[in-house]
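Here is a structure to look at with a critical eye. Labels such as "buried" or "salt bridge" are easy to apply, and each one should be earned.

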Amino acid sequence: MQKIYDIGIIPKREQLEERFMYPFSQLNYLLNGGCFNGVTLITSSSDNGKSTIASQIICHIIGQVYNACCFFGEDTPYESQDRIFKQSLYGDERDMKYVPYYANGKETNCGEWVLSDEAWEKARQKFAGKLFLYNTKASASVDEILEGFEEARTKHNCKVYLLDNVDQFQFSSENENKAIKDIVIKIRDYAINNKVAIFLIAHIRKTDRDVILPNMFDVKGTSSLVNIAKH
């Protein structure tokens, strides 16, 4: 492979770079849409909706005729499907039904809101062949995950990827910061070299009680998590 090239050989760009739209107009304005050329970091404290907003974004992108592949390291296949399918709805209460849990033949005060059969089938048809899940029974090493992403890219034309979350990565090094740095650099390089968009979810470390709104310097782990992200 040629190591260097003259900047003058790059042709003038004649049209805007391809991009997808976010489901939130303010994000589109602030980020100028989503381009297929790097990593976007989603972060907040625990249980503040990182996976939920990421699922909303994926649902919206699928509706724009782009295929996606997701690694949900903390979820079972059913949990991943349930969240994605529910996010694709638009608030019609007829699509949901409450199913109580029965124990010893008696109804308890436990249960779940589930999709109606019609809504579930409608969601399945929307996502089948367009949204792919990384098998969490496989290795969670970055090389294996990126190998799965490459299969999704070459066989299923996926252009958007989600990694949820950084804490799920497997590595053998005793130096956690260096290991995470090496991992996220591989992820960034994969996104840039293959012209795809990767969403990376990371937690916020514990902050002082008087810190209401954490900033990017509060991201748990090495600073490279923030440095490699375009957004």
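The questions below test the labels one by one, on a predicted model.

Q: Why is Ile7 called exposed?
A: Its relative accessibility is 69%. The label "exposed" applies over 50%. Ile7 therefore counts as exposed. Its place is in the segment before strand S1 (19-20).

Q: What makes Tyr5, Ile7, Ile9 and Ile10 a nonpolar patch?
A: Nonpolar side chains are joined within 5 Å, provided that each residue has over 30% relative accessible area and no salt bridge. Tyr5, Ile7, Ile9 and Ile10 form such a patch on the surface. Together they have about 500 Å² of accessible area.

Q: Why is the contact between Lys159 and Glu18 called a salt bridge?
A: The closest N and O atoms are 3.0 Å apart. The rule asks for a side-chain nitrogen of Lys or Arg within 4 Å of a carboxyl oxygen of Asp or Glu, so the pair qualifies. The pair links distant parts of the chain. Lys159 is in strand S8 (residues 158-164), Glu18 is in the segment before S1, and they are 141 residues apart.

Q: Is Lys159 buried or exposed, and why?
A: Lys159 has 19% relative accessibility. Buried means under 20%. Lys159 therefore counts as buried.

Q: What label does Glu18 get, and why?
A: Glu18 has a relative accessible area of 41%. Between the cut-offs of 20% and 50% a residue is partly exposed. That is why Glu18 is partly exposed.

Q: How do you know that Lys86 and Asp82 meet in a salt bridge?
A: The N to O distance is 3.0 Å. The cut-off is 4 Å, so the pair counts.

Q: Why are Lys86 and Asp82 said to be separated by about one helical turn?
A: They are 4 residues apart in helix H3 (residues 77-87). Lys86 is partly exposed at 26% relative accessibility. Asp82 is partly exposed at 30%.

Q: What makes Asp189 and Arg188 a salt bridge?
A: Their closest N and O atoms are 3.1 Å apart. That is within 4 Å, so the rule is met. Asp189 is partly exposed, at 32%. Arg188 is partly exposed too, at 27%. By this rule the count comes to 9 salt bridges.

Q: What makes up the lining of the largest pocket, by class?
A: The lining has 17 nonpolar, 7 polar and no charged residues. The volume of this pocket is about 500 Å³. Of its 24 lining residues, Leu41, Ile42, Thr43, Ser44 and His231 are the closest to the centre. Helix H1 (25-31), strand S3 (38-44) and helix H2 (50-62) each supply at least two lining residues. The largest share, 5 residues, comes from S3.

Q: What makes 4 residues of the second largest pocket's lining count as charged?
A: The lining residues are Glu17, Glu18, Phe36, Asn37, Lys159, Ile192, Asn193 and Lys195. Glu and Lys belong to the charged class, so Glu17, Glu18, Lys159 and Lys195 get that label. The others divide into 2 nonpolar and 2 polar. About 220 Å³ of space lies in this pocket.

Q: Why is the space lined by Val166, Asp167, Ala202, His203, Lys220 and Leu225 called a cavity?
A: In a cavity a 1.4 Å probe fits but cannot get out, so the term marks an enclosed space. These residues line the largest cavity, which has a volume of about 30 Å³. Its lining divides into 3 nonpolar, 1 polar and 2 charged residues.

Technical notes: Residues are numbered from 1 along each chain as its sequence is written. This is a predicted model: local features need pLDDT of at least 70, side-chain atom pairs count only at pLDDT 80 or more; totals for chains, interfaces and linings use all residues. Side-chain values use heavy atoms; hydrogens and water are left out. Patches are made of residues with over 30% relative accessible area and no salt bridge: like charges are joined within 9 Å, nonpolar side chains (Val, Leu, Ile, Met, Phe, Trp, Tyr) within 5 Å. Accessible areas come from the Shrake-Rupley method with a 1.4 Å probe; for residues, only the protein chains shown count as cover. Buried means under 20% relative accessible area, exposed over 50%, partly exposed in between (1.4 Å probe, protein chains only). On a 1 Å grid over the protein atoms alone, a cavity is a set of points where a 1.4 Å probe fits but cannot get out, and a pocket is an open set with protein on both sides within 12 Å along at least five of seven lines; lining residues have an atom within 4 Å of a point. Grid points are joined across faces, edges and corners, and a volume is the space filled by probe spheres set on the points.
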